Amino acid sequence: MIYLDNCATTKPKDSVVQAMVEALENDFYNPSSLHTAAVEVEKKKEEIRRSIKEYFHCSGELYFTSGATESNNTAINSAISEGKRFGNNVVTTNIEHPSILNVLKAQDVEVRYVPIDSTGHVSKESLMEAVDENTMLLSLFHVNNELGTINPVEEWVPEIKEKFPRLKVHIDGVQAVGKLDVDFDKIGCDSYSFSGHKFHGPKGIGGLLVKKSMTPYLYGGGQEMGIRSGTENIPGIYGLGAAFESLKEEGLRWEEAKERRNFLKEGIESLGDVVVNSADPASPYILNVSIDDTRGEVLLHMLEEKEIYISTSSACSSHRTGKNPILTALGLKESLAQGTIRICMSRDTTMEELEEFIKELKTAVADVRDIMRR
């Protein structure tokens, strides 16, 4: 089996599974209880929190959540609730994740969408033009989930915050963590979201880094410093902690990832009539390509028969109907847009796997084109 759908989810590390089993079998106590066994679990939970904050160089706070969707919704709802005192508009891009765009649609605010250019990037000039003194929130991706394009937020955010100090800035870091070096304090944003299962951690656990405390959004027993009440997901938190320890030990493997991505890109371009939609600066772990005179979904299922797994788009967008808004924003002609696939690698992806993938992709493309070009 060759798994190249790591943007959707990643396989948990063995150490992650072991940590979760430890929580389920031995450390099953409720950390809010007062007996010694529970207090020890509470200590381990807080040590994991401290360790993760150190990883991000975060002098603010970290709240454990169920994942990035909850983190994104929480950050946006909080920023708008607080920001309506002085602002009336929100700025974001037209290629954000649905957990950003859909929560904004549900709010009674003006939303200004900054378009991407033909390379899939947001220009600083367009961004600065969209923000004004009445903007209460700016929400940006760090790495785009479909194209892999990078927003240089550590350069942009401090400048924007200096010009508009009351403005809240939220960064969706879901596809950045585990791929890029993330320094929360250096970025200078008000909140930053991530999800464990995107970098070999468990599903159902994520985090929201914040500069300052927030208004509670789940009321109850006062867990998570009173911000998110409810008994903590200790198995998930243990697994998340183990995933970060693995990141610290293995590193980001940036140069290795670039080498694999270049190899993959050259192999796919050799098919001819191919457009690479992932233009630098971009994550080396994501490659989005459009292959003319094919159908992305057909290629996906043909490769699936060989136990090779890729995607055509974000897993959170796979059930949508109509045209892909990101491909539309790129201005791709219809025959190319229909032949778009996304290949997402991980730190565990090997060159041998990519060689096999390219070989099988060439066969699949030739078979589809033979039919479509008659």
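This is a short walk through the structure, one selection at a time. Keep in mind that you are looking at a predicted model.

**Stop 1: the sheet**

Start by showing the strands. You should find an open sheet of seven strands, in the order 2-8-7-6-5-3-4, with mixed pairing. Strand 2 and strand 4 (110-114) are the edge strands: each has a single partner strand, so one side of each has no neighbour in the sheet. Turn the view and follow the twist, which averages 20° from one strand to the next. If the word "pairing" is new to you, strands of a sheet pair through backbone hydrogen bonds, either parallel or antiparallel.

Now pick out strand 3 (residues 89-93) and strand 4. Which way do they run, parallel or antiparallel? They run parallel, and five bridges join them. For one spot to click on, try Thr93, which stands opposite Val114 in strand 4.

**Stop 2: helices on the sheet**

Keep the sheet on screen and add helix 4 (residues 98-105). Helix 4 lies across strand 3, strand 4, strand 5 (135-141) and strand 6 (168-172), and it runs at about 155° to strand 3. Next add helix 6 (residues 153-163), which packs on the sheet and touches strand 5 and strand 6. The direction of helix 6 makes about 170° with that of strand 6.

**Stop 3: helix 3**

Select residues 68-83, which make up helix 3. How far apart are its end C-alpha atoms? They are 22 Å apart, and that agrees with the expected span, because 16 residues at 1.5 Å a residue should also give 22 Å.

Colour the buried residues of this helix next; among them are Ala68, Ser71, Asn72, Ala75, Ile76, Ala79, Ile80 and Gly83. While you look along the helix, remember that an α-helix has 3.6 residues a turn, so residues three or four places apart point the same way.

Stay here and click Asn73, also in helix 3. Asn73 is partly exposed, because its relative accessible area is 24%, while buried means under 20%. What does Asn73 touch beyond its neighbours within four places in sequence? The answer is Ser99 and Val103. Select Ile100 as well: its C-alpha atom is 6.9 Å from that of Asn73, although the two residues are 27 apart along the chain.

**Stop 4: aromatic rings**

Time for some rings. A pair of aromatic rings is described by the distance of the centres and the angle of the planes. The count here comes to eight aromatic pairs. One of them is Tyr55 with Phe56, an edge-to-face pair at 5.4 Å centre to centre, with 90° between the planes. Both of these residues are buried. Now add Tyr192, Phe194, Phe199 and Phe244 to your selection, and you have one aromatic cluster together with Tyr55 and Phe56.

**Stop 5: backbone oddities in the loops**

Move to His57, in the loop between helix 2 (36-55) and strand 2 (61-65). Phi of His57 is near 55°, a positive value in a residue other than glycine. His57 is partly exposed, at a relative accessible area of 41%.

Where else can you see phi near 55°? Try Asp273, in the loop between helix 9 (254-269) and strand 9. Asp273 is partly exposed too, with a relative accessible area of 47%.

Finish with Asp280 and Pro281, which are joined by a cis peptide bond with omega of about 0°. You will find Pro281 in the loop between strand 9 (274-276) and strand 10 (286-291).

Technical notes: Residues are numbered from 1 along each chain as its sequence is written. This is a predicted model: local features need pLDDT of at least 70, side-chain atom pairs count only at pLDDT 80 or more; totals for chains, interfaces and linings use all residues. Side-chain values use heavy atoms; hydrogens and water are left out. Helices (H or I, at least four residues) and strands (E, at least two) are DSSP runs, numbered from the N terminus. The expected span of a helix is 1.5 Å times one less than its number of residues. Buried means under 20% relative accessible area, exposed over 50%, partly exposed in between (1.4 Å probe, protein chains only). Rings of Phe, Tyr and Trp (its six-membered ring) pair if their centres lie within 6.5 Å; planes under 30 degrees apart count as stacked, over 60 as edge-to-face and the rest as tilted. Two strands pair if DSSP finds at least two bridges between them. Axes are lines fitted to C-alpha atoms, for helices over the stretch in contact, and angles run from 0 to 180 degrees between N-to-C directions. Contact means heavy atoms within 4.5 Å.
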